[in-house]
Amino acid sequence: MSGRTILNLALGAIVVLAFAGIGIGIYNAGVSQGIAQAATLPEGTTIVAPAGYGYGWGHPGFFGFGFLWILFPIFFFLLLFGLASAAFGGRRWGGPGWGPGGGYGPNGWHEERERRMAEYHQRLHDEGARDPGDAGRPNPPNAV
């Protein structure tokens, strides 16, 4: 780093600190003036404390959630049963799980599809062998 870069960084830091000091001084002066003005009241003025909220009509409910407080216990019980199921080796959604065989896994449906297509293909060949007269002709259109 050259000497000029260090000097520019130092001058920049001094300018930033000077502006921060001026800003803090102006803020504190404004706060002091506001406190001084708020402390004076005209003669005969009575200060009334605001009324607090009670548990009567119009109470916002359980921490402001209204009737939705019922969702918290439901969520708690679902979480509790889910953790207990996971702790004791409960069954997962979607079957016994991922793994080899049984048509499970990300590509397990391919095996089932191939098996069904082969079965359907064989059935079509068997139907064609029983009725040899219709094997080469297309199906007629539906008459209305």
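**Salt bridges along helix H3**

Let me begin with one residue, Arg-116, which at 53% relative accessibility counts as exposed, where exposed means over 50% relative accessible area, buried means under 20%, and partly exposed lies in between, with a 1.4 Å probe and protein chains only. Before going on, I should say that this is a predicted model, in which local features need pLDDT of at least 70 and side-chain atom pairs count only at pLDDT 80 or more, while totals for chains, interfaces and linings use all residues. Residues are numbered from 1 along each chain as its sequence is written, and side-chain values use heavy atoms, with hydrogens and water left out.

The side chain of Arg-116 meets that of Glu-112 in a salt bridge, at 2.8 Å from N to O, the term meaning a side-chain nitrogen of Lys or Arg within 4 Å of a carboxyl oxygen of Asp or Glu. These two residues sit four apart in helix H3, residues 108-130, and so are separated by about one helical turn; helices here are DSSP runs of H or I with at least four residues, numbered from the N terminus. Glu-112 itself is partly exposed, at 32%.

In helix H3 we also find Glu-119 and Arg-115, again four residues apart, about one turn, and they form a salt bridge with their closest N and O atoms 3.4 Å apart. Glu-119 is partly exposed at 46%, as is Arg-115 at 45%.

How are Glu-112, Arg-115, Arg-116 and Glu-119 linked? They are joined in a network of salt bridges.

Finally, Glu-114 forms a salt bridge with Arg-113, the closest N and O atoms being 3.0 Å apart, and the structure holds four salt bridges.
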